Amino acid sequence: MPKATKKKKEKAADFSKAKLKLGKGKQLPTNQVDTSFKARSIALPTQSIAVENDASAPTTKRRLTFADLLAHLKHHNSGVKKDALSGLRELFDAHPELVESSLTQLVSACVRLIGDEDANVRRALLSFFIWLFPRIPIKNLAPHSSMLLLFTTSAQTHIFPEIQIDAVRFLDVYLDIIPDVVVSGWRGERSGHGKRVLDGYLSILCTGTKFGEGADTGPPVATSTASVMLSTASKLVVLKSLSKFLHAALNSTSNGNENYASTSSGPTWCFSSAFADPAAYSAFDSQFRPTTRLPSDAKPPLRLWQPEVDPEDDTEHFVVDLKSVEFENADLSYTLKDLSDAISSLAHNDSLQASSQLSDLHGNYEARLARTLHPVLLSNILDSSPSVFNPGSTPLPTDLGIVSAATNIYHSLYKALLTRADSNSNVILDNLQQVLDRMSPHFPFRPNPLARREIQVEQAFQELNVVFCELTSLLILSQTTQQATSRKHSVKAIQTQISQVKDFVTQLLRGVPSSSQLVGRPIAAQEYTALLPTLWMLLNSDSTDDSVDEDHDVLGAVLDHALRVSSAAAAKRPTINFLVRLVLLDTTPRYGGTFKVGQNAGSLQKFEQWLVHLPKVVWELGDTNVPCVEVVLRFLLRLFQRRSPLARADVATQLCARLVPYFTIVHPVRGALPGPFAKLDDPILRRLALDAAVSISACAPADTRGPLDASVRQAVEGSDQAAYWTEVTGSVLRSR
């Protein structure tokens, strides 16, 4: 029965009609065949048989040409873009001639990856730029700087903080290669990307340069709405880059030669506080600027030698043609000094009036920037101080880097502000005093003596010490300039800081280690140059104190160090540049400082020891350091022409004897040989050496001049200087 019932149902199913249900579609027949199909396309653009590739085009190991690599830089896959950057480096390394010809296409394709969302791509691009840019001439890279800075500043304001930090890393690369282009227009007074770059830094640090009520005196208003808290490593990246940016911006000049640098930014700018006006300091400082490397049209004119010069008669800068001046209605009651001062003021009047408004604008902007950054920098120093200045622990590299970068920013800004007397304000001085008060309890800064020695850590602490000393000297010198005795800070705190700086400087110059566990080392040239404002501040203050401890005598330490430094050492030239100005200060018109040479017998004796060792210096230098030789010869000439207290007959006698081998060397076997004087190629420098020799000889007794006169005559025999030497020596005899 069951089988019969089943067969009946199967026969009935063939003729039964399916009932339709609500919401259900019509069912397809069971015997219907599905004819739909799907196909996948395979794109092979690099292997197309329709395009013929140039077989002579340079390729990588993967047979990719430059055009292929540029196409890969636009790929959506981050790995392909990273491999393309590696391929470009491989291609340019094997074919460096391709860089200049394809630079425009390369920069246009690479700049779009600065803000790429993949960190590996940005890191690969940064490494590629670090490798590529030093191989490109600056004149070829400069036209593409606008595009580079445009995309980089855009990345500085990206929504993702990690892209902002990487944009700062790209700016570091640009600052190493094209710093002038990056900082151009940073104050906003002319076209350039510098203002946009600086605003990007401030935006990352959540600050700005706009102020609320009261204009410049009002509280700062935040110009960034960012609320992202930066990590310690990110803060270090931003602060170090900002320090590099401000250093380049505040020290940029139209000419990279130090001979053209302005006097306010030169290494001996600290002496300007002791003069009545900037023009007087500029006239004094110009006497020691080397001219051997200047263009021929920029060299000063030759002047006839004079046995003696009146300090009140500034003939070195009296270059007006008096024949063209009408004196019919002139008031003849004026002295020569009055006329010189009037001419000097007229010469500087036009330039001062033209630049006064621009200088005020620059000073105001830098002051606002210093006020804005002060809370951020001080808070970072205070946050990192427990780790850095704890004597029982090793500082973390990031915390030490943050403190170093913040103090360098303070140094760059406050040096630019306080070296201009018209831009100082009590707010700036109060902020600087606040920073020094927070750091002075830990001064001098030194690493943990029980920890493992690391050269980089020791150098960082030494740089911190030097910057602290210079900031202290800036504060003291600016107070002296303004006579700001009514400030709120106690005199006792300032005197404590001066005493700390004095002890550190004397130990550093004498080579004494700051700790018994450390080893003393000679001071580097860069450190000595940075200490020049501190040395002048201490010497100018010690000059009024008669009770100076010998162990803490700054002048004695300076002179001992100058005698100890080798002539071939890099620190020799800054020591000479500082001391030659120091000796001639009190013989200079309009000098208002308290320091004078020979205030006590001990210092006068050390000055004489340093003075008589100068012929040895010029003999050892020869023609290896011509600017330094020129400074020494200029100094000896001015010293004896102005009849300085050091220009005594016994000193002149010693100098005459020591200058003999400079002109002619008498060998026991080979006889007379030309000295280092014969190596001087510049005729102006050769005549300067003769002027210095005859000036020294004029102050020496007559019976001691013979050896030097014979040595010089033998050195100039047969040259153009022979007649000149005969003429000037005859002038000496006639004057006597």
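Among contacts between residues at least 6 apart in the sequence of this predicted model, 73% join residues at least 24 apart. The chain comprises 28 helices and four strands. Of its 736 residues, 45% count as buried. The accessible surface amounts to about 39,300 Å², and carbon and sulfur atoms account for 53% of that area.

The largest nonpolar core contains 197 residues, within which Tyr174, Trp536, Phe578 and Leu582 have the most contacts. The greatest contribution to this core comes from helix H17 (residues 455-482), which supplies 13 residues. Helix H17 also carries Gln462. This residue is classed as buried because its relative accessibility, 12%, falls under the 20% limit. When neighbours within four places in sequence are set aside, the contacts of Gln462 are Phe504, Leu508, Arg521 and Glu527. For Tyr174, the contacts beyond four places in sequence are Ile114, Phe129, Phe133, Leu148, Leu149, Thr152, Pro179 and Val182.

Aromatic pairing was examined over the whole structure, and 25 pairs were found. One of them is formed by Phe66 and Phe92 in a tilted arrangement, with 6.0 Å between the ring centres and 45° between the planes. This pair links distant parts of the chain, as Phe66 belongs to helix H2 (residues 66-73) and Phe92 to helix H3 (residues 78-94), 26 residues apart. Phe66 and Phe92 are both buried. An edge-to-face pair is formed by Phe129 and Phe170, for which the centre-to-centre separation is 5.8 Å and the interplanar angle 75°. Here too distant parts of the chain are linked: Phe129 lies in helix H6 (residues 119-132) and Phe170 in helix H9 (residues 161-177), with their positions 41 residues apart in the numbering. Phe129 has a relative accessible area of 3% and is therefore buried; Phe170, at 1% relative accessibility, is likewise buried. Phe129 and Phe170 belong to one aromatic cluster together with Phe128, Trp131, Phe133 and Tyr174. Tyr174 thus appears both in this cluster and among the residues with the most contacts inside the largest nonpolar core.

A charged group is also placed against an aromatic ring. The charged end of Arg687 sits over the ring of Tyr724, at 4.3 Å from the ring centre.

Strand pairing is represented by S3 (residues 664-667) and S4 (residues 671-674), which pair in the antiparallel sense over four bridges. Ile665 has Leu673 of S4 as its bridge partner. The two strands, S3 and S4, form a hairpin in which three residues lie between them.

Backbone geometry in several loops was examined as well. Phe443 and Pro444 are joined by a cis peptide bond, with omega of about -5°. Pro444 is located in the loop between helix H16 (426-439) and H17. Arg590, although not a glycine, adopts a positive phi of about 65°. This arginine is placed in the loop between helix H21 (572-583) and helix H22 (601-612). Because its relative accessible area is 28%, between the limits of 20% and 50%, Arg590 is partly exposed. A positive phi, of about 55°, is likewise found at Arg643, which is not a glycine. Arg643 occupies the loop between helix H24 (626-641) and helix H25 (649-663), and its relative accessibility of 32% places it in the partly exposed class.

Conventions. Residues are numbered from 1 along each chain as its sequence is written. This is a predicted model: local features need pLDDT of at least 70, side-chain atom pairs count only at pLDDT 80 or more; totals for chains, interfaces and linings use all residues. Side-chain values use heavy atoms; hydrogens and water are left out. A nonpolar core is a set of buried Ala, Val, Leu, Ile, Met, Phe, Trp, Tyr and Cys residues joined through side-chain atoms within 4.5 Å. Buried means under 20% relative accessible area, exposed over 50%, partly exposed in between (1.4 Å probe, protein chains only). Contact means heavy atoms within 4.5 Å. Rings of Phe, Tyr and Trp (its six-membered ring) pair if their centres lie within 6.5 Å; planes under 30 degrees apart count as stacked, over 60 as edge-to-face and the rest as tilted. A charge sits over a ring if NZ of Lys or CZ of Arg is within 6 Å of the ring centre and within 35 degrees of the ring normal. Two strands pair if DSSP finds at least two bridges between them. Accessible areas come from the Shrake-Rupley method with a 1.4 Å probe; for residues, only the protein chains shown count as cover.
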